[in-house]
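This report looks at one model, taking its strands, its backbone geometry and its ligand site in turn. Please keep the sequence and the structure in view while reading.

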Amino acid sequence: MSYEAILEKALTDSIDKREALILLRKSQDYSRLMDLFKVASRIRDNEVGRVYKIEGFISPITKCTTKPPCRFCRRSTGRDFEPLTTSELELGIKLLAETGLKRVEIGGGTVWSGAGEIVIKAVEICRRIAPHILIRINVGPSLSFNDLVKLKELGVYEVSSNFETMNPQVFKKVKPGDSLESRIKLAKAIDEVGLKLSTTIMVGIGSSYEDYIEHIFWLKENIRNLSRVSITILRPIKGTPMENHPMGSIIEALKLGAVARMVLRKIDLSFGGIANDIRLLPLRVMAGDNREVHLSVMVTKRRWDKPVLSPSEVVVKNINGLWYYNALPLLTRTLKELGMIPETEL
Ligand code: SF4
């Protein structure tokens with residue numbers, strides 16, 4: 001089947017593995033890329049609409065115990081941050097809720113001995129202060145099956161299990177202290193409990209096109225409640241073992257996102273890593289995405305080194321030891337310029 005015929009088919013039907021691979025291989029040209037994006041964004045419009053989901057971020061509630069740390073992670077610079085205290089968590093949730101956000105990611109590192117108690121307590125605090133906010137938990141394989149059952153009872157919306165890659169060799173190389181098996185097991189448990197699964201595929205760490213396609217189809221075939229896929233892009237961080245590794249390609253990530261949209265259809269599609277830059281939002285939207293985190297509001301222990309491009313639309317301040325970043329006015333304006341409907345304005 002030709003490139004054009006596959007795109008024609010994708011408008012109405014999910015494409016198969018072979019077709020997805022052809023699209024990745026043959027889109028090495030800006031004109032073909034524009035055709036790919038046009039179809040991916042049409043599918044987004046038809047399947048999930050133009051409401052753009054906006055997610056606040058609060059972190060960390062747990063301190064990662066992965067040894068050695070993943071080679072691309074900021075932790076491998078030797079710098080780490082203590083988890084939020086209860087009062088900091090309460091303040092952070094209150095600050096997030098005041099912005100009018102409808103969803104939040106509560107994040108932290110992997111605690112290999114388990115972090116169910118900490119996570120459940122954080123969810124209870126969030127439920128008490130902001131009962132209307134949809135919660136996504138992102139703490140890696142720190143949760144048992146029973147923890148997930150409890151989180152479902154507490155009304156948690158979505159839980160993350162991020163693989164980055166399903167190629168075991170690539171995984172081991174960049175995440176030597178981590179376990180792909182544990183992350184797959186967590187993803188299956190999230191699905192079995194009936195929670196929604198959010199997951200990531202990382203571009204720039206050595207996965208091949210074939211790896212990407214196997215990954216996307218594994219998710220399609222194995223996870224009934226798949227709700228969000230984020231294509232993250234490697235940002236080499238100074239002081240990590242991967243600081244001299246080339247940055248992940250934005251073009252490759254956009255292509256992969258567009259193809260994922262053509263296969264997985266109704267999911268929320270996001271981009272992460274270096275794509276968490278307001279200047280790249282138009283490209284993301286064109287490639288079929290409909291959801292963000294890290295572009296709107298964040299409350300964290302660490303100050304984010306994001307450039308403040310529009311001081312009248314971005315607030316960065318320290319509140320009682322917490323870094324508060326709010327770029328909601330800039331994000332919503334940009335979304336409206338793109339013809340998208342910011343979820344916060346519904
Ligand atoms: S598991 Fe997550 S937080 Fe821990 S080292 Fe790896 S990337 Fe960093």
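## Strand β8 and its partners

In this predicted model, strands β1 and β8 run parallel and are joined by six bridges. One pairing can be followed residue by residue, since I58 has V299 of β8 as its bridge partner. Strand β8 is also joined to strand β10, which covers residues 322–326, and here the two strands run antiparallel with four bridges between them. Within that second pairing, V297 stands opposite N326 in β10.

How many of the 10 residues of β8 are buried? Nine of them are, so the strand is largely enclosed by the rest of the structure.

## Positive phi angles

Strand β8, which spans residues 291–300, contains H294, a residue other than glycine whose phi is nevertheless positive, near 80 degrees. Is H294 buried or exposed? With 21 other C-beta atoms within 10 Å, H294 is buried, because the cut-off for that class is 20 or more.

A second positive value occurs at R265, again not a glycine, where phi is near 55 degrees. This residue is found in a loop, the one between α10 (250–264) and β7 (268–273). R265 has 16 other C-beta atoms within 10 Å and is therefore partly exposed, as that class lies between the exposed limit of 12 or fewer and the buried limit of 20 or more.

## Cis peptide bonds

Where does P60 lie? Its place is in the loop that runs between β1 (51–59) and α4 (86–98), and the peptide bond that joins S59 to P60 is cis, with omega at about -5 degrees.

The loop between β1 and α4 also holds P68. The bond between K67 and P68 is likewise a cis peptide bond, and for this one omega is about -10 degrees.

## The residues around the ligand

Which residues are found around the ligand? They are C64, T66, P69, C70, C73, R75, G109, T110, G140 and D178.

By chemical character, this shell divides into four nonpolar residues, four polar residues and two charged residues. The cysteines C64, C70 and C73 and the proline P69 belong to the surroundings of the ligand and count as nonpolar under the classes used here, whereas R75 and D178, also around the ligand, count as charged.

Technical notes: Residues numbered from 1 in each chain as written. Predicted model: local features only at pLDDT ≥ 70, side-chain atom pairs only at ≥ 80, totals over all residues. Near = placed C-beta within 6 Å. Pairing = 2+ DSSP bridges.
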